[in-house]
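Visitor: I've got a two-chain model to look over and could use a hand. Can we go through it together, one question at a time?

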Amino acid sequence: MTLKETLIAFWTLFSKECYRFLRIWGQTLIPPIMTSSLYFLIFGNFIGNRIENINGFTLMEFMTPGLMMMSVISASYMNVSSSFYFSKFQRSIEELLISPTSNHTIIWGFVLAGSLRGVIVGVLIFSTAKIFIDINILHPMTFFFFLFVTSALFSLAGLINAIFARKFDDISIVPTFILTPLSYLGGVFYSVQQISETWAFFTRFNPIFYLVNGLRFSILDLSETSVNISFVVLSFLIVTLYIICFRLLEKGVGLKT
Amino acid sequence: MYAIELSHVSKKYKSQTYALKDVSLKVEEGDFFAFLGPNGAGKSTTIGIISSLVVKTAGQVKIGGYDLDEDPIKAKKCLGLVPQEFNLNVFESCLAVLINQAGYYGVAKSVAYERAEKYLNLLMLWSERNHQVRTLSGGMKRRLMIARALIHNPPILILDEPTAGVDVELRKLIWNFLEGLNRDEKKTIILTTHYLEEVERLCHHVAIINKGKLVSTGSLAELVNQLPGQSYILSLEEVLNNPTKEKLKTLSYEIKFLEEKAIEVNLLKHLSLSDLFKDLGQLDLKVKSMREKENQIEQAFLHMTKEGYLS
């Protein structure tokens, strides 16, 4: 395909995927705001006042980047996994598979749409947080970089999940049993300096810790590990997952007989 | 150059069973080609391999002269596919289905819109253009899939049972539409169907596949010529008595006595109807009416898909 044809194919897929989550905004964009508002209300106002500051910040200030990351991860992951799996389920994915659209274009189309949803959710939650507390973004470039790259990473993970999924249950297993525990144990609600050495050790093996840390640095200028390490971990994971996605699509795993 | 060329194509599943075994097939450009076979014969697998939805185990596939493995983009652009099962996104409108499909082939939206208007009108779906697919009837979905397969203007169109579950009136609309595409736009059309009247009406050449192997290919006339004979049902003017029946048994035809006044005669290829009427005349038997027992294509199909045909 020529560059123009490739761009048309990409834009078709990307805009179709964006239209899908924007059309059902009540299901895709509002629930994370509701959930995070409750967190802000309960942990910020009801309980937060009774808890000591963490590294010089109130619990709510400290929690905000982590809560954003939790929703961003979930939104971008579910956007791609559910959309791709549903296309498989109703076989409309064949429209793409028989076309000359390359596997790179397919990955970019799904992943960028998932990333956009992740970024929108992140920005909406940050805006919600501003209603409850006086918080600002100290490093805007880093803020958007971490939001976008985290969304892209978990969109890729969602795509891999959807490729392997054979039934609807298969796309909810990973978020429930892997992503949620990793998110809660990734330093969203606590500082690694406040927990035991053993737990701190395990937390440092959790990739979500580095994503939360990067976003926390962009908002609070607070970092529990080097932001450069966060950047390296993210880049490594993105490249790895991209290669896995591409190889799976090339082989037609879960798509072709 | 052939529109479609399969060379020694095989498909073996992990269970070691062959869905296709060493199938070689050529379809001329501009042909209207029927691909026939009983259920599970390998028709859909062949179509799946051509449309790259099924991974072949061996062999080569060329579409419009382009090798599907070496030049997949050009090969895929030559092909439009109407699958057997509905594979539409049920939450999209008819127009969105077509414009998105065109987009995947790199066709600009303005061009896609013009083509969508043309094909939706021809297939009598224009009034449904903004309706979601889930609100359409089965026949409408079938026509929408035909329009979708044509939206990138491919020279080759493959239809896997396009008239399955479609009423008579609509079937004729689809037949006329496909005939027009083949005649006026010179599109090569490959069709699988269980309706042999459809083959007789539309197709120029036929291939028959059974148990993953190609058992015959050629023009309709060539196919019929491969039949060992032709069966007719004859209604006689008078009731057959036993002596006449005995005499009939001595003739060189396979005769079955159906009713008091009806017989079935299997006329072998080297014998003519004149011979039959002459012999019946000598026995003072008058034929009131006569009809073919089965359509000739149907007979050829049944004959060639019979157990042990190739051996």
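**A walk through the model**

Guide: Let's start inside chain A, keeping in mind that this is a predicted model. Leaving out residues up to four places away in sequence, Met68(A) touches Gly122(A), Ile125(A), Phe126(A), Phe143(A), Leu147(A), Leu215(A) and Ile219(A).

Visitor: Is Met68(A) buried or exposed?

Guide: Met68(A) is found in helix α4 of chain A. The cut-off for buried is under 20% relative accessible area. Met68(A) has 0%, so the word for Met68(A) is buried.

Visitor: How far apart in space are Met68(A) and Gly118(A)?

Guide: Along the sequence, 50 residues separate Met68(A) from Gly118(A). In space, going C-alpha to C-alpha, the distance between the two is 9.5 Å.

Visitor: Which helix of chain A gives the most to the largest nonpolar core?

Guide: That core has 159 residues, and those with the most contacts inside it include Phe84(A), Ile4(B) and Leu157(B). The top contribution from chain A is 15 residues, and it comes from the helix spanning residues 59-89, α4.

Visitor: And Leu157(B), what does that touch?

Guide: Leu157(B) is among the residues with the most contacts inside the largest nonpolar core. Not counting residues up to four places away in sequence, Leu157(B) touches Gly80(B), Val82(B), Ala149(B), Leu150(B), Leu178(B), Leu181(B), Thr188(B), Ile189(B) and Ile190(B).

Visitor: How many residues are in the second, separate core?

Guide: Leu248(B), Leu251(B), Ile255(B) and Leu276(B) are included in that one. The residue count for this second core is 16.

Visitor: Back to chain A: why does Asn206(A) count as buried?

Guide: Asn206(A) lies in the loop between α9 (197-203) and α10 (207-220) of chain A. Setting aside neighbours within four places in sequence, Asn206(A) is in contact with Leu182(A), Leu185(A) and Gly186(A). Buried means under 20% relative accessible area. Asn206(A) counts as buried because its relative accessibility is 4%.

Visitor: Which backbone oxygen does the side chain of Asn206(A) reach?

Guide: We've just met the residue in question as a contact of Asn206(A). The side chain gets to 3.3 Å from the backbone oxygen of Leu185(A).

Visitor: Now the interface. How much area do chain A and chain B bury between them?

Guide: Interface size is often quoted as the accessible area lost when the parts come together. Here, 22 residues of chain A are in contact with 29 residues of chain B. Carbon and sulfur atoms carry 53% of the buried area, and the total is about 2500 Å².

Visitor: Which residues of chain A lose the most area to chain B?

Guide: Three residues together make up 28% of what the chain A side buries. They are Glu95(A), Ile98(A) and Thr257(A).

Visitor: Which residue of chain B forms a salt bridge with Glu95(A)?

Guide: The two chains have four salt bridges between them. In the one formed by Glu95(A), the closest N and O atoms are 2.7 Å apart, and the partner is Arg148(B).

Visitor: Which element gives the most to the side of chain A that touches chain B?

Guide: Two elements of chain A give two or more residues to that side: α1 (3-23) and α5 (94-97). The top contributor gives seven residues, and that is α1(A).

Visitor: Last one: what share of chain B is buried?

Guide: Chain B has eleven helices and 14 strands. Of its 311 residues, the buried ones make up 53%.

Definitions and conventions. Residues numbered from 1 in each chain as written. Chains lettered and ligands numbered in written order. Predicted model: local features only at pLDDT ≥ 70, side-chain atom pairs only at ≥ 80, totals over all residues. Heavy atoms only, no water. Contact = heavy atoms within 4.5 Å. Buried area = accessible area lost by both parts, 1.4 Å probe. Salt bridge = Lys/Arg side-chain N within 4 Å of Asp/Glu carboxyl O. Helix = DSSP H or I, 4+ residues; strand = E, 2+ residues; numbered from the N terminus. Core = buried A, V, L, I, M, F, W, Y, C linked by side-chain atoms within 4.5 Å. Buried < 20%, exposed > 50% of the residue type's maximum accessible area, 1.4 Å probe, protein only. Polar contact = N/O pair within 3.5 Å; in protein donor to acceptor, adjacent residues only side chain to side chain.
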